[in-house]
Amino acid sequence: MKTVCVGMSGGVDSSVAGLLLKEQGYRVVGVYMKNWSKDLPGMKCPWAEDLADAKRVAVKLGIDFEVWDFEKEYFEKVVEYMLKEFRAGNTPNPDIMCNQEIKFKLFYEKAMEAGADYIATGHYARVEHSGPKLLRAVDENKDQTYFLYRMSDEALKHTLFPIGERRKPEVKKLAAENGLHNAYKKESMGVCFVGEVGMKDFLKEYIDVEPGEIREIESDRVLGYHEGAVFYTIGQRHGLYLDGEKGVVNDGMPYYVVKKDVKKNIVYVSKNLNHEAIWTKELKLKELFLRQFEHIVSGDGSLAPVVTGLAPSSSVATSGSPRAKCSQLPLQLVSVRLRHRAPLIPATFDGEVLHFESEIKRPASGQSAVLYNGEVCLGGGIIV
């Protein structure tokens, strides 16, 4: 009998993952990853309640249950990375880093050391172990491969995504039919593993910020003030508190953030929605992780060579994948997702830069661009 350690968060998705694995004949060990337990002002961390929910489900399913403490590593690998990026003026994605460093590295390694054959989570994704290939979920609205693209090949070969073939309503129905108390538990929408606290409130606990000026980039006039430049992203429209002269600011035309000077703590805005800072036809990527480039049409219409298992091209190393020079890739036609649940956009990729046929609204630096060929997630990189 194969053993699988399933990460159980206390939510319905990971609970049903455990349920399905047991029905499929695996020896299932439920594991709660304790990654964060600190309360924040006005927000009690829900880790104890989530743990209780996960444990209750394990008892209902009749499976073993353990708590693995990764709190120190989570702070060092995820939180400190996130804070460093925000201080530099970027907008990182902590969920992607959590998957890379915690769920599919530390959790995976500890499970293998404990003698497990597989790990599993409640992510909406699918895996083809020959290759391996990371595939989009059947439920396109819930697909979470955007957050998983930095998984190592080694971890992917030993990972199961039991609910990837199902849609969310079906998952909830399965939980209810099997008497799982969390069948309709509200999903957490806050910072990864922290709870329902907003990113701005979270950052205030760790980053020293001071009020600064909001200036109109064309005239350099001070139009208002902000709480800290690190809180703003390029293209942002909401959350700008401007008190300029009548007819200058309050004429019904919105302003957009077009530039940040983090060192001087100045945010620059413009009414020009067509400002070059907001739109682009190219995106340069760094810290690339490219898993599969198989049967992709090159820019000249020919079939590209098979290129598999490419590791990050810079300082972020991922186990289980050989290194290769991404700049040697021929021009490839791909589909790109620039944020979770965003529509797929066609583009060509030369191994470093994404080229779009039409202008797109520029994503914030520090976010990820994830590449696809049909249902196959090819990998991606961090937007410069």
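**A walk through the predicted model**

The axes of helices α1 and α7 come within 9 Å and cross at roughly 65 degrees. That makes α1 roughly perpendicular to α7, because angles of 65 to 115 degrees count as such. The crossing of the two helices is left-handed. Keep in mind throughout that this is a predicted model.

Which residues bring α1 and α7 together? On the α1 side they are V12, D13, V16, L19 and L20. On the α7 side they are K168, V171, K172, L174 and A175.

K168 deserves a closer look. This lysine lies in helix α7, which covers residues 168-177. Is K168 buried or exposed? Its relative accessibility is 8%. K168 therefore counts as buried, since the cut-off for buried is under 20%. Its contacts, leaving aside neighbours within four places in sequence, are V12, D13, Y124, D139, K142 and E187. Two of the names in that list, V12 and D13, also appear among the α1 residues that meet α7.

Now follow α1 into the sheet beside it in sequence. Helix α1 spans residues 12-23 and joins β1 and β2 in a right-handed β-α-β unit. Strand β1 covers residues 3-7 and pairs with β2 in the parallel sense. There are 5 bridges between these two strands. C5 stands opposite V29 in β2. V6 stands opposite G30 in β2.

G30 also leads onward, to the next strand. It stands opposite F65 in β3. Strand β3 covers residues 64-69 and runs parallel to β2, with 6 bridges joining them. Here again the connection is a right-handed β-α-β unit, made by β2, helix α2 (residues 47-61) and β3. Strand β2 itself covers residues 27-34 and is mostly covered. Of its 8 residues, 7 are buried.

These strands belong to an open sheet of 5 strands. The order is β3-β2-β1-β4-β7, and the pairing is parallel. Its edge strands are β3 and β7, the latter at residues 159-160, and each pairs on one side only. In general, strands of a sheet pair through backbone hydrogen bonds, either parallel or antiparallel.

What lies across this sheet? Helix α4, residues 94-113, lies across β1, β2, β3, β4 and β7. It runs at about 140 degrees to β4, which covers residues 118-120. Helix α4 has a helical partner too. Helix α3, residues 71-87, packs with α4 at an angle of about 160 degrees, with their axes 9 Å apart. The two are therefore roughly antiparallel to each other. The α3 side of the contact is made by E73, Y74, K77, V78, Y81 and M82. The α4 side is made by P94, M97, C98, E101, I102 and L106. The crossing of α3 and α4 is right-handed.

A second sheet comes later in the chain. It is open, has 4 strands in the order β9-β8-β11-β10, and shows mixed pairing. Why is one side of β9 and of β10 left without a neighbour in the sheet? Strands β9 (222-226) and β10 (256-261) stand at the edges, each with a single partner strand, so one side of each has no neighbour there. The twist averages 30 degrees from one strand to the next. Within this sheet, β8 (residues 212-216) and β11 (residues 266-270) pair in the parallel sense over 3 bridges. One bridge partner can be named: E216 is matched with V269 in β11.

The loops hold some backbone details to check. D220 lies in the loop between β8 and β9. Its phi is near 65 degrees, a positive value in a residue other than glycine. D220 counts as partly exposed, at 40% relative accessibility. N265 lies in the loop between β10 and β11. Its phi is also positive, about 60 degrees, although N265 is not a glycine. N265 is buried, with a relative accessible area of 17%. Elsewhere, a cis peptide bond joins G131 and P132, with omega about -15 degrees. P132 lies in the loop between β5 (125-128) and β6 (133-136).

Finally, step back to the whole chain. It contains 8 helices and 18 strands. Of its 384 residues, 53% count as buried. Among contacts between residues at least 6 apart in sequence, 64% join residues at least 24 apart.

Definitions and conventions: Residues are numbered from 1 along each chain as its sequence is written. This is a predicted model: local features need pLDDT of at least 70, side-chain atom pairs count only at pLDDT 80 or more; totals for chains, interfaces and linings use all residues. Side-chain values use heavy atoms; hydrogens and water are left out. Buried means under 20% relative accessible area, exposed over 50%, partly exposed in between (1.4 Å probe, protein chains only). Contact means heavy atoms within 4.5 Å. Two strands pair if DSSP finds at least two bridges between them. A crossover is right-handed if, with the strands pointing away from the viewer, the path from the first strand over the helix to the second runs clockwise. Axes are lines fitted to C-alpha atoms, for helices over the stretch in contact, and angles run from 0 to 180 degrees between N-to-C directions. Angles under 35 degrees count as roughly parallel, over 145 as roughly antiparallel, 65 to 115 as roughly perpendicular and the rest as oblique. A crossing is left-handed if the near helix is turned anticlockwise from the far one by less than a right angle, and right-handed if clockwise.
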